[in-house]
Amino acid sequence: KMLKLPARITPFDADMSVLNSLPALTTILVEEGSTVYTAVENFLCDANPAGLTILYVPQTVTGVFEAPRGISGIGDNVFSGNPDITAVVIPAYINHVGSNAFAGCPNLKTVTVDGSRNTALSIGANAFKNCYSLTLIDIQGSGTPARGEISVGDAAFQGCSALTTFRVCAGANVASIGNNAFKNDIKLTTIELDDNVTLASIGNNAFEQCKALESFQVHKSTTYIGNSAFKDCTSLETFAFGESETPVSFGNSVFSGCIILKTIQLPKTLTAFDGSVFNDCASLTTIEVDSANPYLQSRNGVLYTKGLTEILFYPKNQDGNLANLPWDTIRKIGVGVFKNNQRITSVVIGAQVTEIGEGAFMDSGINYITLNSGLKTIGDFAFAGNFFTFIRMPKTVTYIGNHAFYACAYLESINI
């Protein structure tokens with residue numbers, strides 16, 4: 001039940017297997033003078049004078065775990081798979097939680113973090129991954145902006161299949177949510193971000209396959225939303241932006257597979273747009289843009305650059321009648337604008353268009369197409385996978401990209 005380590009002790013293997021074979025151990029002591037280990041309240045810690053990190057916890061520790069004062073970190077794998085931990089409290093004096101620290105704790109239900117901190121906190125990769133009973137993550141705050149930033153690591157809460165609520169209270173400062181941080185949290189319905197918090201960035205795939213999430217409002221402090229951040233959130237119906245003067249940008253395929261998302265309003269601070277953001281959003285009908293945006297605008301739910309000179313995105317749930325587009329101003333059809341849009345059967349390219357972007361009409365249902373005199377550039381895969389049988393190529397065309405008409409199985413002739 002009791003283990004006393006001598007001052008001359010040398011480091012154990014990192015997995016602490018020698019101690020894991022002592023299931024009845026309750027008391028750990030370390031002789032004074034060790035430069036390797038020390039003990040705090042029966043937790044084995046490193047002897048780092050800059051701040052002690054817990055390296056091993058007796059298997060007899062149960063219930064609510066709160067690191068004692070004098071500790072600054074919780075090491076890798078310390079509680080991994082522990083069936084007896086039901087709640088974790090991370091005080092303001094803790095500055096790091098190691099990789100896999102609490103991963104796979106089957107009965108862990110709540111994680112509470114003190115966000116009113118003066119020092120940074122790093123929650124490591126996979127720290128709480130696959131904690132199947134976890135229902136609440138509560139990052140508390142004092143209301144006064146905290147100086148210490150909190151970083152949520154990659155896959156930190158991935159696969160927490162009972163998680164319903166992620167809450168960040170007033171004053172907390174969350175620098176980043178890492179890649180895959182909440183991926184596959186299939187019951188997550190509530191993300192509460194108080195107006196008085198900071199959340200700078202949301203990583204790649206951060207909320208992918210959070211299938212119960214119905215709405216999300218981007219915090220006014222957020223500057224970046226990563227690739228596929230909300231991919232396959234199949235219940236996501238509304239997505240909004242808070243009032244902000246902070247520029248924000250998207251990665252690729254942010255909402256790919258959000259099949260019931262119908263309307264989205266882009267903020268004035270969004271400066272660039274990639275059409276892949278809304279891949280496979282089959283119900284999307286309307287994109288709106290804040291009128292103060294200097295780079296983007298919408299008309300009839302379709303997204304353009306300011307001045308309507310380039311069409312950037314055409315929602316798949318629009319009627320497919322392209323005759324209603326403002327062809328008198330459109331000079332360029334952007335990358336993938338009409339890709340996989342089966343509502344489109346015929347296209348007459350407007351007289352002012354000089355460039356058709358990569359994959360612009362790829363795998364759409366086009367039976368008939370007319371290209372305009374004045375067209376100069378046709379991008380890679382621009383018309384690949386369509387059904388028209390004949391095309392007249394204008395003399396003004398100077399470039400045809402690779403595979404521009406690839407897999408057009410019914411195409412019989414091109415008249416140049």
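Buried means under 20% relative accessible area. The views below are taken from a predicted model.

**View 1. Thr112 and its surroundings in strand β10.** Thr112 lies in strand β10, which covers residues 110–114. Its relative accessible area is 19%; because the cut-off for buried is under 20%, Thr112 counts as buried. Apart from neighbours within four places in sequence, the residues in contact with Thr112 are Val88, Val89, Ile90, Asp138 and Gln140.

**View 2. Pairing of β10 with β12.** Strand β12 consists of residues 136–140 and runs parallel to β10, with five bridges joining the two. Thr112 has Asp138 as its bridge partner in β12. Asp138 also appears among the contacts of Thr112.

**View 3. Pairing of β12 with β14.** Four bridges connect β12 with strand β14 (residues 165–168), and these two strands are parallel. Opposite Asp138 stands Arg167 in β14. Asp138 is thus shown with a partner in β14, Arg167, as well as with Thr112.

**View 4. An open sheet of four strands.** The strand order is β18-β20-β22-β23, and the pairing is parallel. β18 (215–218) and β23 (286–289) are at the edges; each has a single partner strand, so one side of each lacks a neighbour in the sheet. From one strand to the next, the twist averages 15°.

**View 5. Pairing of β20 with β22 within the open sheet.** Strand β20 (residues 238–241) and strand β22 (residues 263–266) run parallel and are joined by two bridges. Phe239 is placed opposite Ile264 in β22.

Note on methods. Residues are numbered from 1 along each chain as its sequence is written. This is a predicted model: local features need pLDDT of at least 70, side-chain atom pairs count only at pLDDT 80 or more; totals for chains, interfaces and linings use all residues. Side-chain values use heavy atoms; hydrogens and water are left out. Buried means under 20% relative accessible area, exposed over 50%, partly exposed in between (1.4 Å probe, protein chains only). Contact means heavy atoms within 4.5 Å. Two strands pair if DSSP finds at least two bridges between them. Axes are lines fitted to C-alpha atoms, for helices over the stretch in contact, and angles run from 0 to 180 degrees between N-to-C directions.
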